[in-house]
Amino acid sequence: MQGVTSNDFSSARHTPRHDLESSPAATVSAGPGPAPADLGPGLGPSPTDLLRRLRARGAADPVTHVERVPARAGVPAPWPSWAPEELRTAFTGRGVVAPWQHQAEAATLAYEGQHVVVATGTASGKSLAYQLPALATLLADPRATVLYLAPTKALAADQLRAVAALELEGVRPACYDGDTPRAEREWIRRHSRFVLTNPDMLHHGILPGHAQWSGFLRRLAYVVIDECHTYRGVFGSHVAHVLRRLRRQCARFGATPVFVLASATSGDPATAAGRLTGLPVTAVTEDASPRGGVTFALWEPPLLPPDSGSASPVPPGPSSPVPPQTHGDHDDLRQVRRSALRETADLLADTVAEGVRTLAFVRSRKGAEVVAANARRALDDAVPGLGDRVAAYRGGYLREERRELERALLHGDLLGLASTNALELGVDLVGLDAVLICGYPGTRASLWQQAGRAGRSGQEALAVLVARDDPLDTYLVHHPEAIFGAPVEATVLDPANPYVLAPQLACAAVEAPLTPADLALFGDGAKEAVDELVAAGALRQRPTGWYWRHRERPEVDLRGEGGAPVAVVESSTGRLLGTVDGGSSHFLLHPGAVYLHQGVSYVVDQLDLADGCALVHAEEPDWSTHARDVTELSVVSVRSYVDAGPVGMFLGEVDVTSQVVSYQRRRIATGEVIDTRPLDLPTRELRTVAVWFTLSPQSLALAGVQTADVPGALHAAEHAAIGLLPLMATCDRWDIGGLSTALHPDTEAPTVFVYDGHPGGAGFAERAYGTAAAWLRATRDAIAECGCETGCPSCVQSPKCGNGNNPLSKPDAIRVLDVVLTNLPG
Ligand SMILES: [Zn+2]
Ligand SMILES: [Zn+2]
């Protein structure tokens, strides 16, 4: 049997790491009283009328489902009796009349010394839940201190303003991060009792310098971890150990701080918070803040006629022509839907024309600019000047600029804003009349956070999810129960990942020699990791513990993945444009690659792997580039398996070897392949965790899959399975790789592998294995229910296929999955 091997590793793991999808928890005015930047009465039609008008525009009704999310009245609670008068007065002065029930409950648990996570919706006032116990303790005990951790400097700065505005005597809140001037650092260490920082600074600065921080750590009463759902995957696993290192240092100084965590709504937050801190954590999840009713529509742009799809991915329409996305995800594919960007731009123009204050969430900056530009153009065509009331928002604005945007929306000078999720950490806006979500944001948790921007008490609002041409989006708009009937995802992290644990133990050993008691603190696998560090000569065992042997500290980047980042440098100016993580650099920065940076196009002249830099020049060719790689995978060990007759389901360790071997140049306008050029790049190795299933050739033959079609069947099933995995775990498809083959030497059978794209695994494959039947059922349904004939980006095609989406067989993929599901228990 010819073993055609197809692989799909995500090249463009390009998600901006600071681009969080969460609410600004710095909302002080969270209790009854004025909501932050509340926009006053609505200007436009009711959501029902608005939706009726929007869906009546085209020939076919694009709405696949409408869900009514009812309004909710707030449940206020009295101020806890332990909260001092001074503090209540300070909050009342900032507009908080009384806490909501969940705030009071979490605050009291924390005040009583329990570790607590409050996991509630957007703008539900999570910050009050930790500010109350922390500040009450600072007022009661003039020596106590509080450490606050946020995933970004911007959020810490917002929170600093909120705490400082309370003007409490002797608290002296201060940010301590990379931007803090040297001259101020010592003062902060000595005098601030409420230090706001981020995990990177804790890891690189505070813990290594613990001697200077001994006074602060000795008196540490609370550790606040804001937006803790952002600590997921490999980054989350690193942060989990940074927190264990913090706990260890506190314990050395005799302190046992209480941890208070704030999370977006997430599945099983107590378990995730427990994994993150290593402590038993109580969850408060009942959101008692008020919410306006929302009409939530699922919107699927229509399929284009097959011939127009190949001529131009986004054919010009009667109004607001949207240029194709420069990095066309599916510019070589025959059958496409109308682009979600274009659909969103039209919807934004229509809602703004109706006088409806609308926020459109778009996944990329470039996309947000395209949506805003096209909505503006369409509005100006209708009424000259009307386009001025739409703007694009990207991250990185100054605080003043963000406040100006809020003000403009508040006063109605601005009616439409297209934004990346960056807005969620910068602009304090709730109570919009309509929210458009261009493409599923990856998790139900994020979806609800974005939709949560719509609606205010007593006022109905509209939310619309516009599906992109992608298996997950398509599945969701046809399976509303997967959105409205399912709990939000659990945050996945795996502190036992040896690739995280070993370097973190090395960092800990530099801070203080490791003792046997510490091994329990760092959890499963710590002993093995220490033994390996000893064998590698990094640690030396002495009677008093394990000592770090080197002069220099180990270099450990919490956010680093897949090797050292590669710097992108403009040759003519020497300007550093940005960095690309090592794992993606071969795909994105090979010689000849077209590289986009903030909407500007560059071409790579040279990739210097030894120096970790790529030299580029500005150029806007009319083609895009698409790297191809060759991947081999070998099974190292099997951790767990299910023997289901002709079908086997496995979880284990694998070695993935890949090499980027060539790239295609394709015309942006038509997707036409210009040529394929060879590349000479070294191979790379990845040891990680994979889930895989095997089928016997006989069972495939019985199911009607011809031998020649087996590779295409497996490959198509693999693509769709990768596309649907985010339904089960908080990953996106760029976190995952896949490989399928009609005969694998290690399994000796037709096999589909899906693996974590991070060294040592990040918990995603493990999660897939644990939910295999539900995951593959959703995959099977997504393929079967897609309206296309031979496969499209909505079902079995992948935008990042290493094999150019060839071979693929849609009908045979359904047969493959039927065989698996018939035999697999559960
Ligand atoms: Zn399809
Ligand atoms: Zn593929």
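Buried means under 20% relative accessible area, exposed over 50%, and partly exposed in between, with a 1.4 Å probe and protein chains only. The model is predicted, so local features need pLDDT of at least 70 and side-chain atom pairs count only at pLDDT 80 or more, while totals for chains, interfaces and linings use all residues. Residues are numbered from 1 along each chain as its sequence is written, chains are lettered from A and ligands numbered from 1 in the order in which they are written, and side-chain values use heavy atoms, leaving out hydrogens and water.

**Exercise 1. Two positive phi values**

Take Arg172 and Glu748, find the loop that holds each, and say which class of accessibility each falls in.

*Solution.* Helices (H or I, at least four residues) and strands (E, at least two) are DSSP runs, numbered from the N terminus. Start with Arg172: its phi is near 50°, positive in a residue other than glycine. Arg172 sits in the loop between helix H5 (153-164) and strand S5 (173-175). Its relative accessibility is 35%, so Arg172 is partly exposed.

Now Glu748, also not a glycine, with a positive phi of about 55°. Its loop runs between strand S27 (736-741) and strand S28 (751-756). Glu748 counts as exposed because its relative accessibility is 65%.

**Exercise 2. The strand before that loop**

Work out how well covered S27 is, and how S27 pairs with S28.

*Solution.* Count first: 6 of the 6 residues of S27 are buried, so the strand is largely enclosed by the rest of the structure. Next, sort the side chains: Ile736, Gly738 and Ser740 point one way, Gly737, Leu739 and Thr741 the other, and all are buried. Two strands pair if DSSP finds at least two bridges between them; S27 and S28 are joined by 6 and run antiparallel. For a concrete partner, look at Ile736, which bridges to Asp756 in S28.

**Exercise 3. A cis peptide and the cysteines**

Find the residues on either side of the cis peptide bond, then count the disulfides.

*Solution.* The cis bond goes from Asn806 to Pro807, with omega near -5°. Pro807 is in the loop between helix H25 (772-785) and helix H26 (810-823). For the cysteines, a disulfide is a pair of cysteine sulfur atoms within 2.5 Å, and the count by that rule is 0. Cys438 is buried because its relative accessibility is 4%, and Cys792 is buried too because its value is 1%.

**Exercise 4. The open sheet**

Put the strands of the 7-stranded open sheet in order, then see which helices lie on it.

*Solution.* The order is S2-S10-S15-S14-S11-S13-S12, with mixed pairing. Strand S2 (63-69) and strand S12 (390-393) are the edges, each pairing on one side only. Axes are lines fitted to C-alpha atoms, for helices over the stretch in contact, and angles run from 0 to 180 degrees between N-to-C directions. From one strand to the next, the twist averages 15°.

Zoom in on S10 (294-299) and S15 (461-466): 6 bridges join them, and they run parallel. Phe296 stands opposite Ala463 in S15. Contact means heavy atoms within 4.5 Å. Helix H1 (47-55) packs on the sheet, touching S2, S10 and S15, and its direction makes about 15° with that of S10. Helix H15 (444-451) lies across S2, S10, S11, S14 and S15, running at about 150° to S14.

**Exercise 5. Inside the chain**

Identify the best-connected members of the largest nonpolar core, and list what covers H7.

*Solution.* A nonpolar core is a set of buried Ala, Val, Leu, Ile, Met, Phe, Trp, Tyr and Cys residues joined through side-chain atoms within 4.5 Å. The largest has 80 residues, and Phe296, Met649, Phe693, Trp775 and Leu776 touch the most other members. Helix H23 (710-724) gives the most to this core, with 9 residues. Apart from that core lies another of 42 residues, including Leu87 and Val116.

Finally, helix H7 (199-206) is mostly covered, with 6 of its 8 residues buried. Those are Pro199, Asp200, Met201, Leu202, His203 and Ile206. Their cover includes strand S4 (145-149), helix H6 (182-191), strand S6 (194-197), helix H9 (233-252) and helix H18 (498-511). Across the chain, buried residues make up 61% of the 826.
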